[in-house]
Amino acid sequence: MTINVNKILRNNKSLLLAYDQGLEHGPRDLDNKSVDPKYIFDIALEGMYDGIIVQHGIAEKYYGSYFKEIPLIVKLNGKTSLTNIAPLSRQLCSVERAIKLGASAVGYTVYVGSPMEPEILHEFSKVVEVAHDYGLPVIGWMYARGPTIKNDLDKDILAYGARMGLELGADFLKLKYNHDPESYKWVVKCAGRSRVLISGGDKVEELAFLKEAEEVMKLGVSGMAIGRNIWQHEKPLALTAALHKIIHEGKAAQEAIKVYEDEAKKGK
Ligand code: FBP
């Protein structure tokens with residue numbers, strides 16, 4: 001079985017732009033610019049992202065103009081932040097529909113430790129089976145959440161999530177970073193041949209963000225899948241150029257910040 005992971009990799013590394021927060025968090029994450037999906041697709045195109053992650057509805061209405069120009073990753077499940085039920089994100093789009101929309105990969109959130117875990121693992125395994133039948137890679141958002149999870153950044157919990165993803169067949173694992181490089185090496189090791197992509201989180205200051213990118217790349221991860229830190233930034237393309245330096249060219253954050261400053265001066 002050949003899985004076309006290279007569609008969202010460049011030289012074995014990947015920088016993906018996530019834009020499913022409108023569903024997951026609601027419009028509170030968005031402003032007058034980022035509320036328009038076209039603004040995000042343009043960042044992905046001009047910023048030469050290795051893929052853009054959206055829900056099926058956004059893909060259907062906006063991806064047409066960018067078809068084949070940016071690899072599309074359709075997030076198959078999702079939920080809002082309005083309910084207070086056990087962590088569960090049901091599948092809302094089939095693999096077949098994602099393929100019709102032009103997807104190069106599909107994504108699915110697994111709530112590691114949720115009371116609904118049996119259903120989640122069952123659904124995720126089906127997604128992997130169907131996607132792999134079509135040669136489509138699967139990205140598992142392995143996010144620990146539920147009453148037994150005291151700290152979702154605990155190294156053993158992160159490592160468990162990474163291992164679950166490997167065992168269940170995910171090709172990429174979108175994992176949070178705990179800012180502890182020593183312990184994170186074990187997390188990456190537990191992921192085995194599933195490639196680790198680091199999640200972004202709330203927007204932070206540029207240099208801190210670039211230093212984090214440099215730190216994680218040294219730990220053997222394959223890249224980052226981020227959203228708010230880019231499209232909430234006033235110079236998203238300048239920051240993207242700096243990130244490419246680190247992720248695709250292996251440069252240090254200090255060098256990348258100069259790229260950011262130069263590009264920002266040009267108004268990008
Ligand atoms: P950010 O870089 O903006 O954090 O996006 C990454 C992401 O995984 C999104 O794909 C998703 O919408 C969001 O984070 C979910 O975050 P959480 O479940 O932690 O609120």
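**Exercise 1.** Determine whether Asp-154 is buried, partly exposed or exposed in this predicted model, and state where Asp-154 is placed.

*Solution.* Step 1: the relative accessibility of Asp-154 is 29%. Step 2: the term buried requires a value under 20%, and the term exposed a value over 50%. Step 3: because 29% falls in between, Asp-154 counts as partly exposed. Step 4: Asp-154 belongs to the loop that lies between strand S5 and helix H6 (155–167). Step 5: from Asp-154 to Ala-144 there are 10 residues in sequence, and the C-alpha atoms of the two are 9.5 Å apart in space.

**Exercise 2.** Classify the accessibility of Met-48 and of Lys-68, and describe the phi angle of Met-48 and of Lys-68.

*Solution.* Step 1: locate the residues. Met-48 is in the loop between helix H2 (37–46) and strand S2 (51–54), while Lys-68 is in the loop between helix H3 (56–62) and strand S3 (72–75). Step 2: apply the cut-off, by which exposed means over 50% relative accessible area. Met-48 has 51% relative accessibility and therefore counts as exposed. Lys-68 has 69% and therefore also counts as exposed. Step 3: consider the backbone. Most residues other than glycine have a negative phi. In Met-48, however, phi is near 50 degrees, a positive value. In Lys-68, phi is near 70 degrees, again a positive value.

**Exercise 3.** Describe the surroundings of strand S8 (223–226), giving the strands that pair with S8 and the accessibility of the residues on both of its faces.

*Solution.* Step 1: strand S1 (residues 14–18) pairs with S8 in the parallel sense, over four bridges. Within this pairing, Leu-17 stands opposite Ile-226. Step 2: strand S7 (residues 195–199) also runs parallel to S8, and three bridges join the two. Here Leu-197 stands opposite Gly-223. Step 3: examine the faces. Gly-223 and Ala-225 are on one side of S8, Met-224 and Ile-226 are on the other, and all four are buried. Both faces of S8 are thus covered.

**Exercise 4.** Explain the place of Met-224 in the largest nonpolar core, and name residues in contact with Met-224 beyond four places in sequence.

*Solution.* Step 1: the largest nonpolar core has 92 residues. Step 2: Met-224 is one of the residues that touch the most other members, together with Tyr-184, Leu-210 and Leu-243. Step 3: the contacts of Met-224 outside its sequence neighbourhood include Leu-15 and Leu-16, Leu-197 and Ile-198, and also Phe-209, Leu-243 and Ile-247.

**Exercise 5.** Describe the largest pocket and the second largest pocket by volume and by lining.

*Solution.* Step 1: the largest pocket has a volume of about 720 Å³. Its lining has 37 residues, and His-25, Tyr-143, Arg-145, Lys-176 and Arg-228 lie nearest its centre. Step 2: helix H8 (206–217) is one of the elements that supply at least two residues of this lining. H8 gives the largest share, three residues. By class, this lining has 15 nonpolar, 12 polar and 10 charged residues. Step 3: the second largest pocket holds about 210 Å³ of space. Its lining has 14 residues, of which Lys-7, Lys-68, Gly-102, Ala-103 and Ser-104 are the closest to its centre. By class, this lining has eight nonpolar, four polar and two charged residues.

Terms used. Residues are numbered from 1 along each chain as its sequence is written. This is a predicted model: local features need pLDDT of at least 70, side-chain atom pairs count only at pLDDT 80 or more; totals for chains, interfaces and linings use all residues. Side-chain values use heavy atoms; hydrogens and water are left out. A nonpolar core is a set of buried Ala, Val, Leu, Ile, Met, Phe, Trp, Tyr and Cys residues joined through side-chain atoms within 4.5 Å. Buried means under 20% relative accessible area, exposed over 50%, partly exposed in between (1.4 Å probe, protein chains only). Contact means heavy atoms within 4.5 Å. On a 1 Å grid over the protein atoms alone, a cavity is a set of points where a 1.4 Å probe fits but cannot get out, and a pocket is an open set with protein on both sides within 12 Å along at least five of seven lines; lining residues have an atom within 4 Å of a point. Grid points are joined across faces, edges and corners, and a volume is the space filled by probe spheres set on the points. Ala, Val, Leu, Ile, Met, Phe, Trp, Tyr, Cys and Pro count as nonpolar, Asp, Glu, Lys and Arg as charged, and the others, Gly among them, as polar. Two strands pair if DSSP finds at least two bridges between them.
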